[in-house]
Amino acid sequence: MKRKRYVNLRNAVITAGCVLWALQGYPDNSQAAETPWGDLEIRSTTRYQLHWSDDPEVGRLADETSDQDIVELFGMNMELGGPDLTFTAFGKYAKDLDGTLDGSLFQDYLDTRSSRNHLSLFYGYLEKNDLVSGLDIRIGRQNVYGAENVNFDGIWLDAENPGDLGIGVEIFGGTIVQLYSQLDQDWVGGINLSYRPWKDLSLYLDSVFYQENSFEAGFYWRPMSALKTSGHYAFINEHSRDASLHLTADLEQTGTSVSAGIYRRFDIARDIPEDFILDYTSLYDVGSISEEIKSLYLSRLEGYLEYTLSVNQPVPAQHGMTVFGRYVNRQLSDEDKEDLYSTDFQRVSAGLTLDEWLGLKDFYFSGGWSYWWESRNLLYEGESSSLFLDFRQGFLDKFEASAGYYYKTEDVNSLIEGEASDHYYLGLKYAAADDMWARIEYSYEEDDYYQEEYGISSINALILTFHKTF
């Protein structure tokens, strides 16, 4: 198995070198292609990924230490005689190149099917702007964002500000589309309403009607040029889901930005029969996807109240430098429900960003420190601090090098922060033209949680990405 792993790695590196070499001969063709039917633009992003780990302990995972997948993301936009009539599509083709054993660390959504490849069409619709004055129509597979993120086959109508009343109305309906699990193929529909009584205030009320009903109401308000605020309250399947209130003050004289927020996540009833998988606050049964998936983590948070305060301050004497600080305080609604996923905690973070600092062209750096402490019970009480760094630098006009590092002193917050205790990546991007680039990235991560849960100590990844716009 180790020999196979290193052969795969060698082949991946050779492939990356060949791609970068071949790109040098391509011209810049960033303009959309002209066809007898109108301008056509096609976007293609191909990603090859190789993951490998050390040998798992016997009985903890399937005896598999590597996995290879290829993913193709494709999109197109075609103007049919002009910008008012367009066809737009976006999809994904994924293939598991070497198969994945049941119980492997590398099982994912692709491995829930009998075949090791899958074609997904996320959207493909015909859109006509100004079908009549101020009315747009869209027909086909599409997404609507509102009280829920809905993927469906059907029709969508948008009437923007009819009669100059400051009102917006979206109406949609069709058959629900679910790409990853087996929801009943029932009808879905909804209405999204917005009202702008004056320039600096917007109100909205969104709704989705499925097996049960979901609603979300909210506002955006800018009472003065330096102050803006927003808030929302949402129901999912007729149960309170979450609510928030957020305030931001921007001081033009100093460039200071101060933000404060309150977020309330409600306990969601466990008897909800079905939900939309794109809503990660939902609590559907992971086992309905696959009992054997080891690496899939879906949020199972209990209700909580969270306060945040953040400050960003440019440093006048250092062009391109901004310092920042953030405080988070989360309090569980029910202290008896503390577990590995849910807990009270507080976190303080501070750091800086350098964007073309001191005139350094194509340079970016972000780094900082975080201190985190929790209070669950006598067994799980703990604290940790972490260091995070990210870096990008362009050179020779066509290349960009990138690197990142994350280190955490303790693992007590692994499942909540979702980070390994030691993680770094290295990347190199080559842009042959504005519409074509390739990137190679290597990453490594380890955590005591991996050893305790999976019986391995580290996970490696090599990802090759090639993008082209035709």
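W52, Y424, Y442 and Y444 together form one aromatic cluster. This grouping belongs to a predicted model, and it offers a starting point for a description of the aromatic residues, the surface and the strands of the chain.

The chain as a whole may be set out before its details. It contains three helices and 23 strands. Of its 470 residues, 41% are buried. The accessible surface amounts to about 24800 Å², and carbon and sulfur atoms account for 57% of that area. When contacts between residues at least 6 apart in sequence are considered, 51% of them join residues at least 24 apart.

Aromatic rings recur in this structure, and the count of aromatic pairs comes to 18. One of these is formed by Y233 and F235, whose ring centres are 5.1 Å apart. The angle between the two planes is 45 degrees, and the pair is described as tilted, because stacked pairs have planes under 30 degrees apart and edge-to-face pairs have planes over 60 degrees apart. Y233 has a relative accessible area of 33%, so this residue is partly exposed. F235, at 32% relative accessibility, is likewise partly exposed. The rings of W369 and Y371 provide another arrangement: their planes lie at 10 degrees, with centres 6.2 Å apart, and the pair is therefore stacked. W369 is partly exposed at 42% relative accessibility, and Y371 is partly exposed with a relative accessible area of 26%.

Charged side chains also meet aromatic rings. R138 lies over the face of W156, at a distance of 4.2 Å from the ring centre. In the case of K429, the charged end is placed over the ring of W437, 4.6 Å from the centre of that ring.

Y233 and F235 appear again on the surface. Together with I171, I191, L193, L205, F209 and F215, they make a nonpolar surface patch of about 630 Å². Three strands, β9 (187–198), β10 (201–209) and β12 (227–236), each contribute at least two residues to this nonpolar patch. I191, one of the patch residues, is located in strand β9. Its relative accessibility is 35%, so I191 counts as partly exposed.

Attention may now turn to strand β18, which covers residues 363–374 and includes F363. With a relative accessible area of 12%, F363 is buried, because a residue under 20% is placed in that class. Beyond its neighbours within four places in sequence, F363 contacts L354, D355, E356 and W357, as well as F391, R392 and Q393. F363 and G394 are separated by 31 residues in sequence, yet their C-alpha atoms are 6.5 Å apart in space.

Two loops in this part of the chain contain residues with a noteworthy backbone angle. Most residues other than glycine have a negative phi. L358 has a positive phi, near 55 degrees, and is found in the loop between β17 (345–355) and β18. L396, which is not a glycine either, has a positive phi of about 55 degrees. The position of L396 is in the loop between β19 (382–395) and β20 (399–408). Both residues may be assigned by their accessibility: L358 is exposed, at a relative accessible area of 53%, and L396 is exposed, at 65%, because the exposed class begins over 50%.

How values were computed: Residues are numbered from 1 along each chain as its sequence is written. This is a predicted model: local features need pLDDT of at least 70, side-chain atom pairs count only at pLDDT 80 or more; totals for chains, interfaces and linings use all residues. Side-chain values use heavy atoms; hydrogens and water are left out. Rings of Phe, Tyr and Trp (its six-membered ring) pair if their centres lie within 6.5 Å; planes under 30 degrees apart count as stacked, over 60 as edge-to-face and the rest as tilted. Buried means under 20% relative accessible area, exposed over 50%, partly exposed in between (1.4 Å probe, protein chains only). A charge sits over a ring if NZ of Lys or CZ of Arg is within 6 Å of the ring centre and within 35 degrees of the ring normal. Patches are made of residues with over 30% relative accessible area and no salt bridge: like charges are joined within 9 Å, nonpolar side chains (Val, Leu, Ile, Met, Phe, Trp, Tyr) within 5 Å. Accessible areas come from the Shrake-Rupley method with a 1.4 Å probe; for residues, only the protein chains shown count as cover. A salt bridge is a side-chain nitrogen of Lys or Arg within 4 Å of a carboxyl oxygen of Asp or Glu. Helices (H or I, at least four residues) and strands (E, at least two) are DSSP runs, numbered from the N terminus. Contact means heavy atoms within 4.5 Å.
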